Structure formats: C-alpha cells, structure tokens
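Here are a few short exercises to work through with the model open beside you. Try each task before reading its solution.

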Amino acid sequence: MSLTASHKNASFDLLEQLSSQVDATSVLARVTEATPAVKGSILVSTCNRFELYVDVDDQHPDALARALGSATDAIAEHCDVSAESLSSTWHVTTEQDTAEHLFSVASGLESVVVGEGEIAGQVRRSLERARGAGTTTSDLERLFQHASKTSRGVKNRTPLGQAGRSIVRLALELAASRITTWSTARVLLVGTGAYAGASLAALRDRGVTDVSVYSASGRGAKFAASHGIPHIEPDGLHTAIASSDVIITCTVSEDYVLDAELLQRARIEFALAHSKAHVHEALHRDETPGCPVNHDAYQLVIDLGLPRNVDPDVGGVYGVELLDLETIRIHAPLDELQATDTARAIVRTAARNFTRAGAEESLAPAVVALRRRAHALLDEEIARVQPGDPDGTAAAALRHMMGRLLHKPTSRARAFASTGEHDRYLDALSVLFDLDVAIDVDAAGDDPAAQTSA
C-alpha cells in the first residue's frame with residue numbers, strides 16, 4: 001500500500017510542512033510500530049512529494065484500514081499536521097496499483113518536470129534509509145529494486161531519459177528572459193544539497209563561468225574544491241550576495257538562509273564600499289508607476305529548497321525577482337505525449353509482471369508443503385522396499401514416478417497464482433491431501449528447508 005501527498009494533490013504549504021518536520025528514521029519507526037498490521041515501511045520524501053510505502057500483514061483483520069489509519073496518525077503527530085488534512089489529501093493505492101505508481105515515480109513520470117533524472121536516485125536513497133532504520137521487508141526490497149530497474153528501462157528506451165530534464169533546468173529556462181547573457185552572469189550557490197551539483201551543471205551548460213558557493217554547514221570548501229569553483233567564506237558573504245546577478249539556494253536547512261534584511265544589509269555595505277550614490281537605490285524600491293527597473297541593480301533569486309530557503313519578503317526588495325518551487329511548478333511544461341505514453345506502457349507492463357511474479361511466489365509455501373508431504377511418503381515407501389531392492393531399481397522407479405506426479409500440481413500452482421485464484425489451489429490441497437497451508441512469503445523465504453525442497 002502507498003500513501004501519497006504530491007504536487008498533484010497537495011498544497012505547497014502542506015508539502016513544506018511535511019518536509020520541514022520529517023525525520024525519516026523516526027517516522028518509519030512510528031509507522032511500523034503503530035500496529036501489528038504493518039510489517040514494514042519506506043518513506044520517499046522529496047521537494048514535491050511525500051510518500052509512504054507500507055507492507056501490510058493481511059493475516060490481520062481489516063489490515064489495510066488499520067495500517068492506513070495508524071500510519072496517518074503517526075505522520076500527523078510527528079509532522080504536526082492534522083490527521084484529517086492528511087486523510088483528505090492522501091492518494092492511496094494497493095497491490096498492482098502501488099507497484100505501477102512507484103515505478104512511475106522512479107521513472108520521473110509523476111514529477112513536476114516529466115522525466116527528471118534526480119528522482120530515481122532519491123527513490124534508491126529512500127530504500128537505503130529504510131534499511132538503516134530496519135523497516136524494510138522482503139516485499140518492499142523487491143518492490144523498490146524493481147522500481148529502479150524500471151526507471152532504467154524508461155531512461156534507455158524513451159526520450160524521457162535524455163540529459164537535462166530536471167526542475168533545476170526548468171528554473172533556468174524560466175529565468176532565461178531575465179538573464180540575457182549567461183556567459184557574463186555572476187552566480188552564487190548557497191548550499192551543497194541535492195540540487196547544488198545539478199544547478200552547477202545546468203549553469204555550465206548555459207555558458208556560466210563565474211559561479212561561487214557558500215554553505216553555513218561547513219561543507220562549502222569541499223564542494224568548491226571538488227567542482228573547481230571559488231568558496232565564499234562567512235566574512236565575504238555580504239559582498240557575494242550584493243554582487244551576484246543570480247543567487248540559487250539549495251540547502252536542507254529548516255531556517256531561511258536569505259531574507260530581505262540580509263539582502264538589503266549586504267547591498268548597503270557593498271554600496272558604501274564602492275559608491276555612496278547607490279545607497280538610496282539599495283534601500284528603496286522605486287514604486288513610481290511605469291518607472292523602468294534599473295537593470296544594474298536587478299537580481300534573480302532562485303529558491304530550490306523545501307522547506308523554503310528564502311523568506312518571501314525578498315521579493316519586495318528593490319530590483320529582486322524571486323523564483324521558488326511553487327512558481328516553477330506552475331510553469332512546468334506539458335508532457336511530450338508520445339514519449340510519455342511509451343514510458344507509461346513500459347511501467348504498466350513492469351508492474352503487471354512484478355505483481356504476477358509476486359503472486360506465483362505467494363503460493364510457493366503451498367508447493368513446498370505438498371512436496372514435503374509427497375517426499376515423506378516416498379521415503380517411507382523406499383525404506384519399505386529397500387530390503388528386496390539391493391540394486392536400487394525399485395527406489396529409482398518410485399522417485400521417477402513421484403517426479404511425474406508432482407509436475408502437474410507444481411505447474412498448476414503458477415497458473416492459479418497468475419490469475420489470482422490462490423484460494424482454489426489451497427482448497428484443492430486441503431480436499432485432496434488434507435493439507436492446510438497458511439501463506440507467509442517471508443517465513444518461506446527464511447526457511448532453509450523450504451528453499452531446499454523447492
């Protein structure tokens with residue numbers, strides 16, 4: 001089962017609140033421990049989505065309802081949002097729909113920019129975090145590994161995998177009308193988060209050569225050295241802010257890293273150091289109707305953080321235009337229909353195959369139990385005839401006959417599983433062999449004897 005709040009069904013404010021409060025390890029622990037109906041969980045949290053994937057133990061009565069309610073309450077309590085708000089927002093999927101949804105997410109089909117490349121890595125890291133928290137299960141592992149495999153298939157077989165499809169590049173495309181000559185633009189990166197490297201690559205593709213980085217976390221120097229760009233020390237931050245044409249923030253900080261007061265103070269100090277004539281201009285926006293903007297003072301601030309890195313009051317500073325994720329999302333381009341249709345066909349096929357394989361695996365314990373019963377009887381018969389079978393001819397004949405007898409029931413198990421008729425197969429075992437099997441994939445997978453017998 002999956003519970004999704006994304007840019008398609010949730011407000012930006014709700015996504016920001018979920019993102020700013022979330023501690024993945026704590027959330028996963030709360031969700032998994034909330035009810036015995038939940039065997040494990042994985043959280044995918046990005047700038048435009050908050051998704052929980054839950055392995056539900058269907059041996060418990062009303063397992064799905066219990067898991068949904070408990071997970072919602074746990075997240076609401078942890079992230080300080082109302083359970084009612086989450087319940088009315090969630091897009092909930094189960095079984096094959098869950099696989100198809102995750103495969104679509106990992107392939108970039110559910111992103112603001114369809115086909116974006118960053119999401120596949122975020123999905124992989126979500127699995128790794130859940131492993132660290134100890135909340136994965138064999139089913140969740142298999143689901144996420146197939147999601148990564150499907151995303152690679154979409155990337156290799158459709159134009160959606162081409163380089164340059166990301167929210168960072170869309171932001172720069174929207175900024176292109178404001179920045180006429182990228183080759184002479186001076187850019188300040190604030191942060192070394194997930195989007196910092198992508199931002200730098202996108203800037204270089206546009207011909208930008210003057211890029212520097214600042215990070216309050218202390219990781220700025222390492223990032224600068226590895227990417228061959230200048231590092232801004234704290235005492236040079238004001239100068240860098242005031243002298244930059246473009247400021248891109250991409251940190252994981254829960255606090256604003258840039259606000260109107262900091263920007264204005266940086267401008268004033270810079271103006272005083274260079275020309276007192278610019279001090280008034282640095283302080284006040286000219287609100288005269290029709291008055292043209294002084295492009296020498298124009299700055300573009302691109303906020304790629306969630307929660308926001310930049311206080312919205314920056315947009316009120318003279319000569320500043322603020323472009324944040326909410327604005328970028330509104331201006332996202334339409335899907336390339338043909339490429340998207342092909343990608344979705346790949347995803348649907350992968351989800352169907354995944355579900356079918358899982359169904360077949362779910363009857364494996366029943367097949368194992370049948371083979372154990374049959375081989376126990378076989379061993380008894382071989383022991384009975386052994387005194388009169390010195391060369392083992394009779395024993396070999398018995399083994400051959402048992403192999404032929406088991407072939408049809410084994411192959412029929414796959415057929416019944418692929419059509420969802422598990423109960424018919426289990427009922428047949430009960431009637432014909434007095435064999436009652438409780439389906440438990442994880443237990444069968446952990447049983448060395450079961451694996452050997454199969």
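**Exercise 1. Decide whether T150 is buried or exposed, and find what surrounds it.**

Solution. Keep in mind that this is a predicted model. Start with the relative accessible area of T150, which is 8%. Buried means under 20%, so T150 counts as buried. Next, place the residue: T150 sits in helix α7, residues 138-157. Finally, list its contacts, leaving out residues up to four places away in sequence: T150 touches F103, S107, V347 and A350.

**Exercise 2. Do the same for G220, and work out how far it is from G191 in sequence and in space.**

Solution. G220 belongs to helix α10, which covers residues 220-227. Its relative accessible area is 0%, so G220 is buried. Not counting residues up to four places away in sequence, G220 is in contact with T192, V213, S215 and H231. As for G191, the two glycines are 29 residues apart along the sequence, yet their C-alpha atoms lie 7.2 Å apart.

**Exercise 3. Check the length of helix α6 against what its residue count predicts.**

Solution. Helix α6 runs over residues 118-133, which makes 16 residues. At 1.5 Å a residue, the helix should span 22 Å. The C-alpha atoms at its ends are 23 Å apart, which agrees with the expected span. Now look at burial along the helix: E118, I119, A120, G121, Q122, V123, S126, L127 and A130 are buried. After α6 comes G134, with a positive phi near 75°.

**Exercise 4. Describe how helices α1 and α3 pack.**

Solution. Two quantities describe a pair of packed helices: the angle between their axes and the distance between those axes. For α1 (residues 12-21) and α3 (residues 63-79), the angle is about 80° and the axes are 9 Å apart. Angles from 65 to 115 degrees count as roughly perpendicular, so that is how α1 and α3 are arranged. Then identify the residues that meet: Q17, L18 and Q21 come from α1, while I75, H78 and C79 come from α3. Sorted by class, this contact has three nonpolar, three polar and no charged residues.

**Exercise 5. Classify C79 and C250 by burial, and say how many disulfides the structure holds.**

Solution. C79, one of the α3 residues that meet α1, has 0% relative accessibility and therefore counts as buried. C250 has a relative accessible area of 3%, so C250 is buried too. For the disulfides, a search of the whole structure finds zero.

Note on methods. Residues numbered from 1 in each chain as written. Predicted model: local features only at pLDDT ≥ 70, side-chain atom pairs only at ≥ 80, totals over all residues. Heavy atoms only, no water. Helix = DSSP H or I, 4+ residues; strand = E, 2+ residues; numbered from the N terminus. Expected span 1.5 Å × (residues − 1). Buried < 20%, exposed > 50% of the residue type's maximum accessible area, 1.4 Å probe, protein only. Contact = heavy atoms within 4.5 Å. Axes fitted to C-alpha atoms, helices over the stretch in contact; angles between N-to-C directions. Parallel < 35°, antiparallel > 145°, perpendicular 65-115°, else oblique. Nonpolar A, V, L, I, M, F, W, Y, C, P; charged D, E, K, R; others polar. Disulfide = S-S within 2.5 Å.
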